[in-house]
Amino acid sequence: MRMERVEETLERIAQEAARAPGGVLAFDGDGTLWSGDVGDDLFLALLEHGDIRPPAHAALQRLGAAHGLAPGLEARELAHRLFTEFEAGRIPEKEIYEMVAWLFAGWRVDAVRAFARDVVARREVKRRLHPETRRVVEWALGRGIACYVVSASPLAVVEAAVVEVGIDPANVLACTPREEDGTVLASIVEPIPYAAGKVHCLRARTPQPLYAAFGDNVFDFELLAASRVPVAIRPKPRLRARAAELPSLVQLHPEE
């Protein structure tokens with residue numbers, strides 16, 4: 001993968017914008033716009049807070065039974081066990097992304113958003129922003145190019161986090177729990193923005209040309225491949241392993 005400076009990437013995006021006005025940029029969130037995982041931040045904060053309500057506990061029990069966990073565990077312990085099983089490679093990542101989103105079942109939607117904003121503040125996401133991708137966002141917004149964030153982390157926390165980089169929360173596509181009369185349900189709006197679902201969700205929101213996409217992990221591969229200027233941000237090993245499949249993929253030079 002060739003390394004490219006921010007200025008070079010911006011010049012190539014500018015060329016695409018000149019050829020096809022009205023296009024957009026798409027960014028993954030965790031590892032791309034900021035270091036760490038805001039979904040994990042939210043999950044750990046909820047475990048500490050301890051307010052996992054009966055609808056979520058029932059859904060945890062179903063998920064635990066599906067993966068062979070012993071019945072009868074308290075809600076926080078069961079959620080922690082499921083996450084540990086995921087870290088050991090025994091539960092698919094997609095199921096855990098969904099779990100963290102519906103784990104707020106029984107909460108009011110506004111309360112989840114307030115909780116997520118508090119997590120973003122306490123976990124200092126603003127200090128974790130990657131300077132190189134922040135420069136791209138600022139450049140694009142300054143030229144009226146819409147920026148979308150396509151993430152498998154829970155919607156509320158991604159909406160709170162993107163404010164720190166200046167992106168409109170309305171342009172977030174993330175893992176979204178269903179709701180009824182303003183209360184979160186223990187189920188998810190499908191498809192979630194994960195792997196190929198990232199492209200599906202983005203295209204459902206906007207048909208505009210995708211000038212460039214930015215990601216750090218293999219689950220961003222399809223989104224990167226759908227763009228005219230695919231850019232890896234501090235890529236993880238599994239994305240590096242597939243880089244040869246996308247010869248146009250470059251790595252943005254990291255900045256401090």
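**View 1. Lining of the largest pocket in the predicted model.** The largest pocket is lined by 23 residues, of which D30, Y97, D216, N217 and K236 lie nearest its centre. A pocket is an open set of points on a 1 Å grid over the protein atoms alone, where a 1.4 Å probe fits, with protein on both sides within 12 Å along at least five of seven lines; lining residues have an atom within 4 Å of a point. The space in the largest pocket amounts to about 320 Å³, a volume being the space filled by probe spheres set on the points, which are joined across faces, edges and corners. At least two lining residues come from each of α5 (93–102), β3 (146–154) and α11 (237–242), and β3 gives the largest share, 3 residues. Helices (H or I, at least four residues) and strands (E, at least two) are DSSP runs, numbered from the N terminus. By class, 10 lining residues are charged, 7 polar and 6 nonpolar; Ala, Val, Leu, Ile, Met, Phe, Trp, Tyr, Cys and Pro count as nonpolar, Asp, Glu, Lys and Arg as charged, and the others, Gly among them, as polar.

Residues are numbered from 1 along each chain as its sequence is written, and side-chain values use heavy atoms, with hydrogens and water left out. Because the model is predicted, local features need pLDDT of at least 70 and side-chain atom pairs count only at pLDDT 80 or more, whereas totals for chains, interfaces and linings use all residues.

**View 2. The second largest pocket.** This pocket has a volume of about 180 Å³. Of its 16 lining residues, V109, V112, L155, A156 and P177 lie nearest the centre. The elements α5, α6 (109–122), α8 (155–162) and β5 (177–180) each supply at least two residues of the lining. The lining has 11 nonpolar, 4 charged and 1 polar residues.

**View 3. Helix α6 and its two sides.** The 14 residues of α6 should span 20 Å at 1.5 Å a residue, which agrees with the 20 Å between its end C-alpha atoms; the expected span is 1.5 Å times one less than the number of residues. V109, V112, F115, A116, V119 and V120 of α6 are buried (under 20% relative accessible area, with exposed meaning over 50% and partly exposed in between; 1.4 Å probe, protein chains only). These buried residues cover an arc of only 140° around the axis, so they lie on the same side of α6; the arc is that of the directions from the helix axis to the C-beta atoms. On the other side of α6, D110, R117 and A121 are exposed. Elements covering the buried residues of α6 include α2 (38–49), α8, β5 and β6 (183–188). E124, just after α6, takes a positive phi of about 50°.

**View 4. Packing of helix α2.** The end C-alpha atoms of α2 are 16 Å apart, in agreement with the 16 Å that its 12 residues should span at 1.5 Å a residue. The buried residues in α2 are V38, G39, D41, L42, F43, A45, L46 and L47. They pack against α4 (75–87), α5, α6, β3 and α8.

**View 5. Surroundings of A140 and E98.** A140, found in helix α7 (residues 131–142), is buried, with a relative accessible area of 0%. Not counting residues up to four places away in sequence, A140 touches L25, I145 and C147, where contact means heavy atoms within 4.5 Å. The C-alpha atoms of A140 and A14 are separated by 9.2 Å, although these residues are 126 residues apart along the chain. E98 lies in helix α5 and counts as buried at 13% relative accessibility. Leaving aside neighbours within four places in sequence, E98 is in contact with C175, I188, E190 and I192.
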